Amino acid sequence: MIVFTPAFNQKWLVLLLALMALTLAVLYPLLKSSFIGNIFPEKRWHCYKDLTANERVVCRPLCSKGQFSLPGMSSCHPWLTCDDFLNIFPQKLLVKSVVKKVIQAKWKSYVVVMSSLASSHYQEDFKHHLKMLQSWSGNSLIIQLLGFCNDTIITEFYKLGSALNVWTLMNKQLRKYDSLIKRLNLCISYINIIKFLHFSPNGTRVMCDSNSLEKTLSQFLLQPDLHLVLNDLDALPEVKPESGKKIKCGHVELMGDFIAPEQRWPYPDLLFDDNEMPGYDEKTDIWKVPNVCNWFLEDDDNSEFLKLKLFKIHKQCKHLNASLRPTAQEVFQEYERVLQELL
Ligand SMILES: *[C@@H]1O[C@H](CO)[C@@H](O)[C@H](O)[C@H]1NC(C)=O
Ligand SMILES: *[C@@H]1O[C@H](CO)[C@@H](O)[C@H](O)[C@H]1NC(C)=O
Ligand SMILES: *[C@@H]1O[C@H](CO)[C@@H](O)[C@H](O)[C@H]1NC(C)=O
């Protein structure tokens, strides 16, 4: 006969518990991936530190195609449709151009942005923009599509505005975050988006809305963690390296200091003729990278030594022969390497 003394009892109990724990530990991953996983799909989040709010961590769930989420939402919402437009209230005009009218608006408690086609002349560009937004929605490098109806697109609102505001922010509101590392991170964020465009699932795309530094910077919005997102997908023609298909950014003569040499009319003695103007490829974007990055770095007393570290790669970007310029991937890697040296 077994005598259950208190000491004996305790030993068995501990053993039993240990055994149960072990069984659970072994079975849990299996259960999670099959059974439990199907009932409670694991939610993935996109989180960032809001530098305008003492680095408060802001999260929103990651969504699949056809859905969106905004900070504070606990689940994804289907793209807004014409029916939802009854609940979207325009508040103020942000931008008015020949192509579109951009209005800040309110949907529920959220600030959103409405972009409406201003003239049917630009219908094609507008449709292209929407198609790209739909294709790339969910990518954190691209502005988030919230919905559309007829000739109006709803996107996420970015309170810090465009990359043109970087200097002002670094000197005022975000002064305590101003550092060479933060500024180099803006260069990295920029080349990361160019890299995405050049190696996108929809082919090699060229950033054509970039005839001046201001125009280029205005195409990017600032997240509250000072990462960039691409705002405007109107003018991203595709080059096909396999078939040798090149592109041209528009049909008029391009001028100014900022454009790449191959974007210039090559026969100064003749009048510009679009039919005679040779095409070019995504390396025009690479030519412009040093100007954009140096602009982010400028205005900082210590930027000279960092510009020196970037001198070699930036010189390669300025190769007159476009095919000898580095790829976006190579520039990205070099920026990352220099960042590691600074850390
Ligand atoms: C969208 O277009 C349809 C058809 O032209 C029109 O009836 C509807 O009112 C439009 N919706 C909005 C929100 O503009
Ligand atoms: C981009 O590629 C995806 C997947 O291949 C495709 O479904 C989508 O229609 C493409 N979008 C554009 C704008 O070509
Ligand atoms: C540019 O470089 C490539 C590769 O070295 C070469 O094949 C091509 O001829 C060069 N083009 C010009 C205009 O020098």
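**Exercise 1. List the residues around ligand 2 and sort them by class.**

Start with the shell: Lys131, Met132, Ser135, Pro201 and Asn202 surround ligand 2, where a residue counts if its C-beta atom, placed from the backbone, lies within 6 Å. Now sort by class: 2 are nonpolar, 2 polar and 1 charged. Here Met and Pro count as nonpolar, Lys as charged, and Ser and Asn fall among the others, taken as polar.

A word on the model: it's predicted, so local features need pLDDT of at least 70 and side-chain atom pairs pLDDT 80 or more, while totals for chains, interfaces and linings use all residues. Residues are numbered from 1 along each chain as its sequence is written, with chains lettered from A and ligands numbered from 1 in the order written.

**Exercise 2. Work out how helix H6 (residues 283–297) compares with its expected span.**

Helices are DSSP runs of H or I with at least four residues, numbered from the N terminus. Take 1.5 Å times one less than the number of residues; for the 15 residues of H6 that gives 21 Å, and the end C-alpha atoms are 22 Å apart, so the two agree.

**Exercise 3. Is H6 mostly covered or mostly open, and what covers its buried residues?**

Call a residue buried if 20 or more other C-beta atoms, placed from the backbone, lie within 10 Å of its own. By that count, 12 of the 15 residues of H6 are buried, among them Trp287, Pro290 and Phe296. Next, look for contacts (C-beta atoms within 7 Å): the cover includes helices H3 (166–171), H4 (180–198) and H8 (311–317).

How values were computed. Helix = DSSP H or I, 4+ residues; strand = E, 2+ residues; numbered from the N terminus. Contact = placed C-beta atoms within 7 Å.
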